[in-house]
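Subject: A structure for you to look through

Dear colleague,

I am handing over the structure below, and I would be glad if you kept it open while you read the notes that follow it.

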Amino acid sequence: MRSSTKIACAAGACLLLVYQPARAQQARPLQTSVGLELITGKIEGVAAQSQGTGSRAWGMQVNMGVTALRVLSLSADLGIADIADNNAFSEETTGGEMTSSVQAFLGTLAVGLRTPPLAIPEEPSATVAAGVNVGHTWMSAERGIVNCTDCTEQDLEITAGNFWEPGLYVAPGRRWGLNARYRVYMGESDLQNAILIGISGVL
């Protein structure tokens, strides 16, 4: 759990840094938002087989972002995902015999460019924008038994890395919006791609 705790603390610190400009929103042309996203990612087949997991992760993450001048963006994500455990083990616990599962902890930082929000003719208060981000994801995956203090834990060697992602952002109103992104990982990342769909609100 030590590696995942470090990832969570680092990502949490990044979220705090991103949140600071919100207090100065009136003095600078910044817009701060917070959101919740569903995420599914594909794991490279050889890596999944060697670690005894499935090839797809499913999870959820919290996203915080700052947009400057309506086109420059900085965002930080903190999430958790489940992966099928193909090498599961069982242990006796105070709650009876329990079976292991695999969880991954994710922290991400990204910067990007967006088009200015464009009004939708049929809905004057609604806007749409497109953009592209580049960033880095830190990932820590573990096999263990949930809510068991002294059970066996195994750190898995499944890593993430640098990525780029196009995205679409639709705001039906001024205070909240929807987004969809397709993340493509590069280099030696064991994650190949990810789809993110979420909702966000302006702070």
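Sorted by class, the residues that line the largest pocket comprise 15 nonpolar, 17 polar and six charged ones. Please keep in mind throughout that this is a predicted model. The space in this largest pocket comes to about 740 Å³, and among the 38 residues of its lining, those closest to the centre are Gln-31, Thr-67, Arg-114, Tyr-169 and Val-202. If you would like to trace the lining along the chain, the elements that give two or more residues to it are strand 1 (30-43), strand 2 (53-68), strand 3 (72-85), strand 8 (123-144), strand 10 (162-171), strand 11 (176-185) and strand 12 (191-202).

Besides the pocket there is enclosed space to consider. Rolling a probe the size of a water molecule over the atoms shows where empty space is left. The structure holds one cavity of 30 Å³ or more, and the volume of the largest cavity is about 70 Å³. Which classes of residue make up the lining of the largest cavity? Nine are nonpolar and three are polar, while no charged residue takes part. The residues concerned include Ile-39, Trp-58, Leu-106, Met-139 and Leu-191, and at least two lining residues come from each of strand 1, strand 2, strand 6 (101-114) and strand 12. Strand 1, strand 2 and strand 12 therefore appear in both lists, since each gives two or more residues to the lining of the largest pocket and at least two to that of the largest cavity.

The chain also contains one disulfide, which joins Cys-148 to Cys-151 with the two sulfur atoms 1.8 Å apart. The angle about the S-S bond is 65 degrees, which makes this link right-handed, and both Cys-148 and Cys-151 are buried.

As for the chain as a whole, its secondary structure consists of two helices and 12 strands, and the order from the N terminus on is α-β-α, followed by strands up to the end of the series. Of the 203 residues in the chain, 44% are buried, and the area that the chain exposes is about 11100 Å², of which carbon and sulfur atoms supply 61%. When we take the contacts with a separation of 6 or more, 63% of them are between residues 24 or more positions apart.

With best wishes,
A colleague

Conventions: Residues numbered from 1 in each chain as written. Predicted model: local features only at pLDDT ≥ 70, side-chain atom pairs only at ≥ 80, totals over all residues. Heavy atoms only, no water. Helix = DSSP H or I, 4+ residues; strand = E, 2+ residues; numbered from the N terminus. Buried < 20%, exposed > 50% of the residue type's maximum accessible area, 1.4 Å probe, protein only. Contact = heavy atoms within 4.5 Å. Areas by Shrake-Rupley, 256 points an atom, 1.4 Å probe, with all protein chains shown as cover. 1 Å grid on protein atoms, 1.4 Å probe; cavity = no way out; pocket = protein on both sides within 12 Å on 5 of 7 lines; lining within 4 Å. Points joined across faces, edges and corners; volume = space filled by probe spheres on them. Nonpolar A, V, L, I, M, F, W, Y, C, P; charged D, E, K, R; others polar. Disulfide = S-S within 2.5 Å.
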